Amino acid sequence: MNVGATLDSSNPACDLAEKYAQVYASVGVHPHDADSFDHEAEEKLRKLAVRSKVVAIGETGLDYYRESIF
């Protein structure tokens, strides 16, 4: 799984996934970049989401590593 966490990284994530049979991609915008998400960004994300090797849409992962449990 090659994760796209921004629009700028989602396109190359798709390109790489289409190049290698064993690689798939996700596309999305991380919450840290949510202030840049507008109608234009939504349209770009929709276009990326229909690419052949995209298997997930949206922010991926949990950032629990930032919370110290010790």
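**Fold, core and charged contacts of the predicted model**

A search of the whole structure finds 0 aromatic pairs. The structure is a predicted model. The description below moves from the overall fold to the core, then to charged side chains and single residues.

The protein chain holds 2 helices and 3 strands. Along the sequence these elements follow the pattern β-α-β-α-β. The chain has 70 residues, and 27% of them count as buried. Its accessible surface comes to about 5,100 Å². Carbon and sulfur atoms account for 55% of that surface. Contacts across the sequence were also examined. Among contacts between residues at least 6 apart in sequence, 56% join residues at least 24 apart.

The largest nonpolar core has 9 residues. Its members are A13, C14, A17, V23, A25, V27, L45, L48 and V54. Three elements each give two or more residues to this core: helix 1 (7-19), strand 2 (25-27) and helix 2 (39-49). Helix 1 gives the most, with 3 residues. V54 is one of the core residues. With residues up to four places away in sequence set aside, V54 touches C14, A25, V27, L48 and A49. Of these partners, C14, A25, V27 and L48 are themselves listed in the core.

V55 lies in strand 3. Beyond its sequence neighbours up to four places away, V55 touches M1, Y24 and A25. A25 is thus a contact of V55 and also a contact of V54. The C-alpha atoms of V55 and S26 are separated by 5.9 Å, although these residues are 29 apart along the chain.

L16 belongs to helix 1. L16 is partly exposed, because its relative accessible area is 37%, between the limits of 20% and 50%. Apart from neighbours within four places in sequence, L16 is in contact with N2 and V23. V23 is a member of the nonpolar core. L16 and K53 lie 37 residues apart in sequence, and their C-alpha atoms are 9.4 Å apart in space.

Charged side chains were considered next. Side chains of opposite charge can pair when their charged atoms come close. The count comes to 4 salt bridges. One of them joins the side chains of E18 and R51, at 2.8 Å from N to O. This pair links distant parts of the chain. E18 sits in helix 1, whereas R51 sits in the loop between helix 2 and strand 3 (54-57), 33 residues away. E18 is partly exposed, with a relative accessible area of 38%. E18 and R51 also belong to a network of salt bridges that includes D15.

Helix 2 carries salt bridges within its own length. The side chains of E40 and K44 meet at 3.4 Å, N to O. E40 and K44 are separated by about one helical turn, because they are 4 residues apart in helix 2. K44 counts as partly exposed, at 43% relative accessibility. R46 forms a salt bridge with E42, and their closest N and O atoms are 2.9 Å apart. Both R46 and E42 lie in helix 2, 4 residues apart, which is about one turn of the helix. The two ends of this pair fall into separate exposure classes. R46 counts as exposed because its relative accessibility is 51%, and the class begins over 50%. E42 is partly exposed, with a relative accessible area of 26%.

A charged group also meets an aromatic ring. The charged end of K53 sits over the ring of Y24, 4.6 Å from the ring centre. Y24 is also among the residues that V55 touches. S52 is placed in the loop between helix 2 and strand 3, the loop that also holds R51. S52 is exposed, with a relative accessible area of 62%. S52 and Y24 are 28 residues apart in sequence, and 9.1 Å separates their C-alpha atoms in space.

Key
Residues are numbered from 1 along each chain as its sequence is written. This is a predicted model: local features need pLDDT of at least 70, side-chain atom pairs count only at pLDDT 80 or more; totals for chains, interfaces and linings use all residues. Side-chain values use heavy atoms; hydrogens and water are left out. A nonpolar core is a set of buried Ala, Val, Leu, Ile, Met, Phe, Trp, Tyr and Cys residues joined through side-chain atoms within 4.5 Å. Buried means under 20% relative accessible area, exposed over 50%, partly exposed in between (1.4 Å probe, protein chains only). Contact means heavy atoms within 4.5 Å. Accessible areas come from the Shrake-Rupley method with a 1.4 Å probe; for residues, only the protein chains shown count as cover. Rings of Phe, Tyr and Trp (its six-membered ring) pair if their centres lie within 6.5 Å; planes under 30 degrees apart count as stacked, over 60 as edge-to-face and the rest as tilted. A charge sits over a ring if NZ of Lys or CZ of Arg is within 6 Å of the ring centre and within 35 degrees of the ring normal.
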